[in-house]
Each structure stands twice: as C-alpha cells, then as structure tokens.
Amino acid sequence: MIVFILAIILFLVGLYGVLVKRNLIKMAIGLVIMEYSINLFFGLVGFREGGTAPIITKGLSESAVLVDPLPQALVLTAIVIGLGTTALLVSIAVRIFEKYNTFDIRKIRKLRG
Amino acid sequence: MKGMTLIVKRITQLMAPSIFLLGIYVVFHGHLTPGGGFAGGVLIAGSFTLLVLAYGSDEMRSEVRKWRATFFESFGIFIFWFIALLGLIQGSYLFLNIIQKGRPFHLFSAGIIPLCNIAIGIEVAAALFAIFITLAVLRIGEKL
Amino acid sequence: MLMTALILLIVLMILGAIVALESKDLLSGIISLGIVGFALTIIFLILQAPDLAIVQIIIETLTLIILIAAILKTTRTDTEEEFGTKKVFIWLCGFAFIVIFFLAAMKAFQHMPEFGSKTLRMARTYIDSGLSRTGAANLVAAVILDFRGYDTLGEATVLFTSVAGVVAVLRKVGRKRK
Amino acid sequence: MNLIPLFVVVPLGAAFLIPIASKIWKGVADWTATLSTAFLMAFSIFVIKFSGETILYNVGGWKPIGNIPIGIAMVMDGLTIIMLLIVNVVGFFATLYSINYMSHYTDKVKYYTLFLLMIAGLNGVVVSGDIFNLFVFLEITSIASYALVAYGVEAEELEASFKYQILGGIGSAFILLGIAIFYQLTRTLNLADAAVVFANIGQNPALIFLSILFLVGFSIKAALMPFHAWLPDAHPSAPAPISAMLSGVVIKVLGVYALVRIFFNVFGIELIPHTMVIFLVLGTVSMVIGSFLALGQSDFKRLLAYSSISQIGYVLFAFGLGTPLGYLGGLFHLINHAALKSLLFLNSGAVVYSTDTREMGKLGGVSKKMPITGATSLIGSLSISGLPPFGGFWSKLIIILAAVEKGYYILAGVAVFTSIVTIAYYMKAQRMVFFGKLSDVTKKIKEAPILMCISMVALAVICIGLGILLIPYFKKELLDPAVKVIEGGIQYSKMVLGD
C-alpha cells in the first residue's frame, strides 16, 4: 500500500505545481509530473508478486507467473497521449511568450473572469 | 541553434544509422520481443533528432523540410486505419485479425500485428520528428 | 528488496519533482524533471515492463528536448514570486485541497486490493491464451494491437491530432486581414 | 447492426486523407469534410430505428468469454442514439457554415483535419462501452479543441487555449487516475462488466474516492460551476463554428453524458451515497450563478458562454431530481440547448464576420442589415428564454414540473427565477445587437454569405420543430428509450451482456 500512497504524493506534488505556480513552463512541468505519477500508478497496479515480464518464450515453465499485460498496454497509450498534450502546451506557451515577452501568468491577463 | 564540435558530428555519423537500424529491428520484432511500433518509431525519430542536434538546426533547416515528416505521418496513420478497416470491409468486425496467425515465435506470425507495427512505426517516427522540428528548429510561422 | 528499491526510487522521483518545481532557473528545473522521468524508467524495469521502459526513456528524452528548445527560444529565469494576500489565499486553498485529497486517498487505499495481488477477469484470458489466440509472443503487443487495437488507433490519432495542433498553432498569422 | 464503427472510422479516415489529398488540390478539404459529416448526419438519423434495442459490438471480433468481455466493446442504446444525433447534426451544420466562415482564417486544411478529429472523438466517446477507450477518445476531442480554440493565434486566443489546456489537463489527469483505481478495484475496463463487479463489492471507501475523481474530472470537462473557469474564455475565443460545437456538443458529451453513463449505469445511484444531492447542488449552483454572470457581460459571445454554464446546470439539475420525468426533462433540454446554443453561436459568428467586433456596445440595428441572422437569432433567444411554443419552453416546463412533483418547491422556484433572469439577459443582447439604432460599425454591413445563412436557417427550423419530440409517437421512438436506459441504472450490464 505504501507505494500507492507515494505515487499519490507524487501526483499531488504535480497538482501543487499546476495550481500554485505562476510560470507557464512550471505549470507544464507540473502537468508532466502528474502524468508520470499516473503512469507509475498504472505500472504498480499491473505488478504481480514474483511475476516476470509478459513475454512468452519457448523455455518458459508452465508455473511461471506473468505480470498483468493490460495496464502496461494502457500506460503505453497514456505515455504517448502525455507527450502529445505536452507538445501542444509548450507550443502555446512559446507563442504566448512571443506575444507578451513573459511567462508570468499574472502579466498576461487580457481576458477577464 | 549551432552545430557541435567535429568529434560529436563524427560520432553521430556512426551512431545515427545504427540507432535507425535498431529502431527498424524493434518495429519488426514487436510481436516477439519487447518493443513494437511505438518504441521502434520513437527510436527512429531519435536517430533523426540526434543528427539535427549534432549538426545544428541552421545547417539542417533546408534539409529537414525535404524529409516530408507530415506527409509520412499522414501516410503511416492512414495505412494503420486501412488495416483496421480490412475486417470491416470483409463484412466482419473492425480490427479483426484477418491474416493467418502462422507459427508462434517466427517473424512472419501473429497476423496483422507486424503490419500494424510497421504502420505505427512510420506514423510515430514522423510525428515525433515533426513535433521536434516545428518546436526546436523552425522559426514561428515557417512552414514544415 | 524489491519493495525497498521501489520506495527509494519513488522517493527520488518525489524529490526530483519538488526540485523541478521550486528551482529558480527553468533549465535546472527541466533537468530535474529528467530525474523523475529516468527514475520512472528504472521503476518500469523493476516492475517487469520492458516495453514501457523503452518507450519511457526515449519519450522522456524528447520531452526534455522540447522543453529545453522552448526555453532556449525564450527565457530561462523563473517569474518573481510575490507574497501578497492573494498569494497566501491561493496557497492555503491549494494546500487544504491537497491535504483533504491525500487523507481521502489514504482511507480509500486501505480498502483496495493490495499491491501485487492476483490477476483476474479480463487479463486472465490474455495470459492464459493470448499466444494461441493472437500468435504474438509479446503479450503487450498482443493486447495493444489485437485485443485492444482500437485503443491504439485512438492513441495514434492523439499523436496525429497533436502534431496537427502544434503545426496549426505555430502559424504566423491566423486571420486574413481585410 | 454491424456498422456502428462507421461513426468513428469515417471521420477519422477523412481526417487522415485530407492532409495527403490537399497536396494535390486545395479544395478537397471542403468537400471531404462536408460529405463525411453529411454521411454521418444521415447515418445518425438512420440508426434511430434501433433506438429500442441495446446493441453490443465487439471490436476485433473478441466475444465475451463466459460473460467477461476481453476486447473493447461498443454499445449502442437509446441514450447513445440521442447523443449521436446531437453530435452529427450540429457537426454537419457547423461544417457547412465553416466553408464560408473559415475563409477569414489561414490554412483551412488544418482546420478541417482538426474539426473532423474532434467529431471522431465525440462519436468515439459516445459509442464506447469501455472506460479506457472512452478516455482515449475524450483526449482526442480535448486536444483537437485546445488547438481549435487557439486557431486564430492571437494573444487572447492563445491565452484562452492555455487556460483551457491546464484545466482540461487536470481534468484528464483525474479521470486517468480514476481509471487506474477502477482497474485495481474491478480488474476489468468494460463498463457493463464493471457494473456487475461494483454491485458485488458494495459500499467501499475506495469506490467513493473513485467517484470523487470521476466527478471532479468530468465536471471540469462539463464546466460545472466551481470548475467553470476555462469556459468563458475558451468558447468565445474559438472560431464561431467551433464555439457552436464546444458549447452545443462537447461539454455535453464529455461532461454530462460521461457523468450520467458512469454514475447512473455503472456505479448505480444506490451505491454512492448522495449522488443525487451532489448533482442537484452542482446543477443549481451552475444554473443560478451562470445566469447572473451572463447578465453582466458586454461581449456577445461571452454572454452566450456564461449562458451555456447556466443551461448545463439546468440539465444536471434535472438529472439530479432522480425521477423519470426529471430524466425526460434533462434529456429534452440537452437536445434543445444543443440546437439553440449552436444556432446562437453561429449567429454571433455571422455578426463578427460582418462587423469584426463582439462588443455589444458598438453594435446595434444588425437586424435591419442582416435580416436572416436577426430573425434566426430571435428564434434562438426566444427558445432559450423559455417562451412558448418553442422547444426550450417545454423542456424547462418539464424540469420545473418534475421538481414540483418530487416536492422540491424551493428549487422549482429557483429554476423559474433563473428562467426569468435568462429572459432578461437575452432581451438585453437582442436589444443591443439586433435592434435599436444603427451604429458606426453596423452602417455598411451586408448579410452573411449563403452557406452560413443556410445552416443558420436549418438550425432555426430544428429549434422550432423540436417541440414535436414530445408528441407521443416521436417520444416513444427517441426520448423514452433513453429515459429507460437512465432509469434502468445498473440494469445496463444485463442489457449489454445478457444474463
């Protein structure tokens, strides 16, 4: 259970970064950390006591325990999705810097509310 | 971005093709060993990225556009979409594994899985490379 | 042994994350983010997920390259933090939310199946008969491209979407002027 | 029904084809997008005839083994069909509108690619019967809409998109963490199968934690009141057809549909304590505060955006009543709002197209110069304000009657009061934009191009005609099956997987 709790702490560190930091790049880093923590969580969910990697080889004994391949497939998807969102976020941040010459979110408040 | 020293360039010249080959190997053996379309595609993109980083984006700017990253990206994903659709065209289910499974542990086995891996490999390699050059190499507004 | 290694690595990740968020220099923050990502790679190896380790290590490198490229184009220095009442208020709200969330998670995890417990339902079939059903020895490949190939189409589409988005967002002019 | 995947693969294929084909001929993008969305609209009308049944489609031909699904399932039932109709009808008219409207922007090809990906994502979310698959398609929609909000690449739009991405990213992270816990608890990802497992687990703190994660995540996507901060920036900044899609469809599919599906059909309302109370509170708060904030706006599109928050509040409020009449009202209001809010956003787009401003203070007398835009927007405004005989009147009436029936007299009063506030701000908008004296800006304007007018008129006709859905014959065909799905709760798993 302690590993799950630690993964949640990592998630919360990322969340803290997104909610409290006022720099666009720092916020992006916070989101990336949140994604990592979820990938970690999925990895932990898939693990089996004494398991080996879910790849069947010819010499594999009948009694061998394999770890759950499903969460691994999900993490693979999640990693790629994470990269996609990060790339878009960073490109928008770069464009915002070009317009306002700052990464400070307090100085780029054109919009109200 | 400027290029790096001669040593770096020389080592990159040796490294990049081998990384590229490793990527292709990983793509083709995705159904047998760890890896697959995503891992292999990312490796291939990595080899191109390495070249651009070592030689500097100023030198490579005119080159990278000729590599047609966005075209290969659309092409790869279109092939993948088409493979997925084959089952539906046949009058059966989407994503049905319509090719014979073959003998396990051989390169030509597992039906559509290796084909999908190749299509995904092309798509991922081109997509990641396109993201890299648009963000790191090109100036804003420059067309890929 | 395995547990100790895991706990140490996750603690390293947490420390890396805190440094990444708190450092005054954005570049060193991003490099600390690298610690988090590469530690995650090692954790995937320990958790018997070689596929994930391969993808994670390269995606991590690319993420760092993208972030560093953005920094090189713009600025390295972090924004000044000010300590007004508004800042304290935001901080308190965030902190309260995080504490409540953490306590709820603690409570919930006591009633969740323990770490490393048995495989059931969906994945049972994959492990028992994945090879004979799909012909792929790598069960992760069997899951992502055969049992759940439709998800993978979606995933490739996400990547396609984000490339289209990045290229669209980095256009010089969006509107035609009259 | 072997053709459910067409809802997803057709727009995906079109989106992948457009970048390749437009290298040869630029005009191909317009045609491909229009034809594929037209096909989707026709197909979504065609599937109405299956509305009474629950159809399971196993992607890849992976049939469940002993009632435990092993592949990804697509499910089509009454609720799905209503959502498909909304997505594809609004999607088609938005595409038609884009052909003229987007000529003011550069690079139409990218726009259509992203637009079709968004439609594919929405259809994917709706037909999916698998929680992770739902998340993947939700991400496709979200990423496409982040990029589309920033499509004009001006300072304001980029900023709105960044805000949207940060909040949307938090929402997605909560949902994904929820899916991890979901899998750890149930060892399955199929929604119908999970409903069985949750019923066996019974009440459990982990389940409550999971439900909080999903509630927060999907509420951010639906822009319910404490989580609404992104919407008033993102919706006005987007190009008008995208605003219409975002307000008319996206927040409903990603937010309300997902919440209803998961909380009613998977968890079941008995399992999580106070589900209904939470829905009622979120709904009421969004409804009231959204309408008051709308009252204070001077920007036409921003007013419409706040009004969306308020109307989504109505929908959730109706679902929170927990009676069949409430579900009926909620669904009917959802349909009405999709039609009329997309119409109003298209109207605002036509005004912006001609005048280049959104400030209501600078506008005035637009109706004289743009009669079609003026007339259709009047229809939309009257309908959303809840005046008879338009659809909006009937749906609000049903919701209020349902609240009275349940004995929530005070809440019914609040709903009536909000409806009056709604009338006030729409009358304000009408008076400032479409009536009154011509201003400097509006003196020289012309009516919008023909395709824009066609889609506005078509949506206006739909707005007027929606009342007929309550005639017993149509009600039996479309609304009743959906109400039955929601009312059935976790019977959903039996309907999908059989006994």
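These questions and answers go through the chains and contacts of a predicted model.

Trainee: How many helices and strands are there in chain D?
Mentor: Chain D is 499 residues long, and 67% of them are buried. Its C-alpha atoms fill a box of roughly 70 × 60 × 45 Å along the principal axes. As for secondary structure, the count is 20 helices and two strands.

Trainee: Why is chain D as compact as a globular protein of its length?
Mentor: For 499 residues the globule rule gives 23 Å. The radius of gyration of chain D is close to that value, so chain D is as compact as a globular protein of that length. The radius itself is 21 Å.

Trainee: What share of the contacts in chain D join residues at least 24 apart?
Mentor: The pool is contacts between residues at least 6 apart in sequence. Within that pool, the share joining residues at least 24 apart is 80%.

Trainee: Which pattern does chain C follow along the sequence?
Mentor: Chain C has zero strands. Its helices number seven. Read along the sequence, the pattern is α-α-α-α-α-α-α.

Trainee: Is chain C compact or spread out, judged by the globule rule?
Mentor: The rule gives 16 Å for 178 residues. The radius of gyration of chain C is 22 Å, well over that, so compared with a compact globule chain C is more spread out.

Trainee: What percentage of chain C counts as buried?
Mentor: The C-alpha atoms of chain C fill a box of roughly 60 × 50 × 30 Å along the principal axes. A residue is buried if 20 or more other C-beta atoms lie within 10 Å of its own. Of the 178 residues in chain C, the buried portion is 51%.

Trainee: Which helix of chain C gives the largest share of the side that touches chain A?
Mentor: The contact takes 74 residues from chain C and 70 residues from chain A. Helices of chain C that each supply at least two residues include helix 1 (2-22), helix 4 (85-109) and helix 7 (149-169). The largest share is 13 residues, and it comes from helix 3.

Trainee: How many charged residues has the side of chain C that touches chain A?
Mentor: Sort that side by class. There are 52 nonpolar and 15 polar residues. The charged residues number seven.

Trainee: Which helix of chain B gives the most to the side that touches chain C?
Mentor: Here 46 residues of chain B are in contact with 33 residues of chain C. Helix 2 (37-55), helix 4 (69-89) and helix 5 (113-137) of chain B each supply at least two residues. The most, 14 residues, comes from helix 5.

Trainee: Which residue of chain C does Ala7(A) touch?
Mentor: The largest nonpolar core has 377 residues, and Ala7(A) is among the five that touch the most other members. Set aside residues up to four places away in sequence. Ala7(A) then touches Ser37(A), Leu40(A), Phe41(A) and Leu44(A), and from chain C, Ile10(C).

Trainee: Is Ile269(D) buried, exposed or partly exposed?
Mentor: Ile269(D) sits in the loop between helix 10 and helix 11 of chain D. It has 18 other C-beta atoms within 10 Å. Burial needs 20 or more and exposure 12 or fewer, so a residue in between is partly exposed. That makes Ile269(D) partly exposed.

Trainee: How far apart in space are Ile269(D) and Gly322(D)?
Mentor: Ile269(D) is in contact with Gly322(D), and also with Phe263(D) and Gly489(D), among others. Ile269(D) and Gly322(D) are 53 residues apart in sequence. From C-alpha to C-alpha, they are apart by 8.9 Å.

Definitions and conventions
Residues numbered from 1 in each chain as written. Chains lettered and ligands numbered in written order. Predicted model: local features only at pLDDT ≥ 70, side-chain atom pairs only at ≥ 80, totals over all residues. Contact = placed C-beta atoms within 7 Å. Helix = DSSP H or I, 4+ residues; strand = E, 2+ residues; numbered from the N terminus. Rg over C-alpha atoms; globule rule 2.2 N^0.38 Å. Nonpolar A, V, L, I, M, F, W, Y, C, P; charged D, E, K, R; others polar. Core = buried A, V, L, I, M, F, W, Y, C linked by C-beta atoms within 7 Å.
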